Amino acid sequence: QVQLVESGGGLVQAGGSLRLSCAASGFPFHLYRMGWYRQAPGKQRDLVAGISSSAATTYADSVKGRFTISRDSVKSLVPLQMNSLKPEDTGVYYCAASLRGYRPDLVDAWGQGILVTVSS
């Protein structure tokens, strides 16, 4: 059974940091690209950061230089380090696994989501 379980969300002041983590199980983790997506109220779910099976990374322009995604293939974990947080980073963050690409309609599995709130 495929499972993606997010942890580490919460409330933080602008300028602060949070570290999200995604624990993956039930599928061949090393074959999948993994991504963190964000959905703000009333908006679509967008890719924030992605990491391929070969550890190549991609970031949304809005988070470049502030967020860092990585993967631990031994423990099947996908951390997302978020620094210099801004109020516009507020939203529900979802971990996702995909074989075919980062477009949301290509994702094979989603986590349940975790709320991040950045206060001004």
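The following legends describe close-up views of a predicted model.

Local features are reported where pLDDT is at least 70 and side-chain atom pairs where pLDDT is 80 or more, whereas totals for chains, interfaces and linings use all residues of this predicted model. Residues are numbered from 1 along each chain as its sequence is written, and side-chain values use heavy atoms, with hydrogens and water left out.

**View 1. The buried salt bridge between Asp89 and Arg66**

The closest N and O atoms of Asp89 and Arg66 are 2.8 Å apart, and the pair meets the criterion for a salt bridge (a side-chain nitrogen of Lys or Arg within 4 Å of a carboxyl oxygen of Asp or Glu). Asp89 lies in the loop between β8 (77-82) and β9 (91-98), and Arg66 in the loop between β6 (57-59) and β7 (67-69), so that the pair links distant parts of the chain, 23 residues apart. Strands are DSSP runs of E with at least two residues, and helices are runs of H or I with at least four, numbered from the N terminus. Both partners are buried, on a scale where buried means under 20% relative accessible area, exposed over 50% and partly exposed in between (1.4 Å probe, protein chains only). A search of the whole structure yields five salt bridges.

**View 2. Salt bridges of Arg100 and Arg103**

Asp108 pairs with Arg100 in a salt bridge whose closest N and O atoms are 3.5 Å apart. Asp108 is partly exposed, at a relative accessible area of 41%, while Arg100 is exposed, at 54%. Arg103 forms a salt bridge with Asp105, with the closest N and O atoms 2.8 Å apart. Both Arg103 and Asp105 are exposed. Elsewhere, Arg38, Arg66 and Asp89 are joined into one network by salt bridges that share partners.

**View 3. The largest pocket and its lining**

The largest pocket holds about 160 Å³ of space. On a 1 Å grid over the protein atoms alone, a pocket is an open set of points, where a 1.4 Å probe fits, with protein on both sides within 12 Å along at least five of seven lines; lining residues have an atom within 4 Å of a point. Grid points are joined across faces, edges and corners, and the volume is the space filled by probe spheres set on them. Residues lining this pocket include Arg38, Gln39, Lys43, Asp46, Leu47, Val48, Glu88 and Thr90. β4 (33-39) and β5 (45-51) are the elements that give two or more residues to the lining, and β5 contributes the largest share, three residues. The lining divides into four nonpolar, four polar and four charged residues; Ala, Val, Leu, Ile, Met, Phe, Trp, Tyr, Cys and Pro count as nonpolar, Asp, Glu, Lys and Arg as charged, and the others, Gly among them, as polar.

**View 4. The nonpolar cores**

A nonpolar core is a set of buried Ala, Val, Leu, Ile, Met, Phe, Trp, Tyr and Cys residues joined through side-chain atoms within 4.5 Å. The largest such core has 28 residues, of which Leu4, Met34, Trp36, Leu80, Met82 and Tyr93 touch the most other members. At least two residues of this core come from each of β3 (18-25), β4, β5, β7, β8, β9 and β11 (114-119). The most is given by β3, with four residues. A second, separate core of five residues includes Tyr94, Ala96, Tyr102 and Val107.

**View 5. Aromatic pairs**

Rings of Phe, Tyr and Trp (its six-membered ring) pair if their centres lie within 6.5 Å; planes under 30 degrees apart count as stacked, over 60 as edge-to-face and the rest as tilted. The count is four aromatic pairs. Phe27 and Tyr32 form an edge-to-face pair, 4.9 Å centre to centre with 70° between the planes. Phe27 is buried at 14% relative accessible area, and Tyr32 is buried at 14%. The rings of Tyr37 and Trp110 are also edge-to-face, because their centres are 4.9 Å apart and their planes lie at 70°. Tyr37 belongs to β4 and Trp110 to β10 (residues 109-110), so this pair ties together parts 73 residues apart in sequence. Tyr37 is buried at 1% relative accessibility, whereas Trp110 is partly exposed at 30%. Phe27, Phe29 and Tyr32 form one aromatic cluster.
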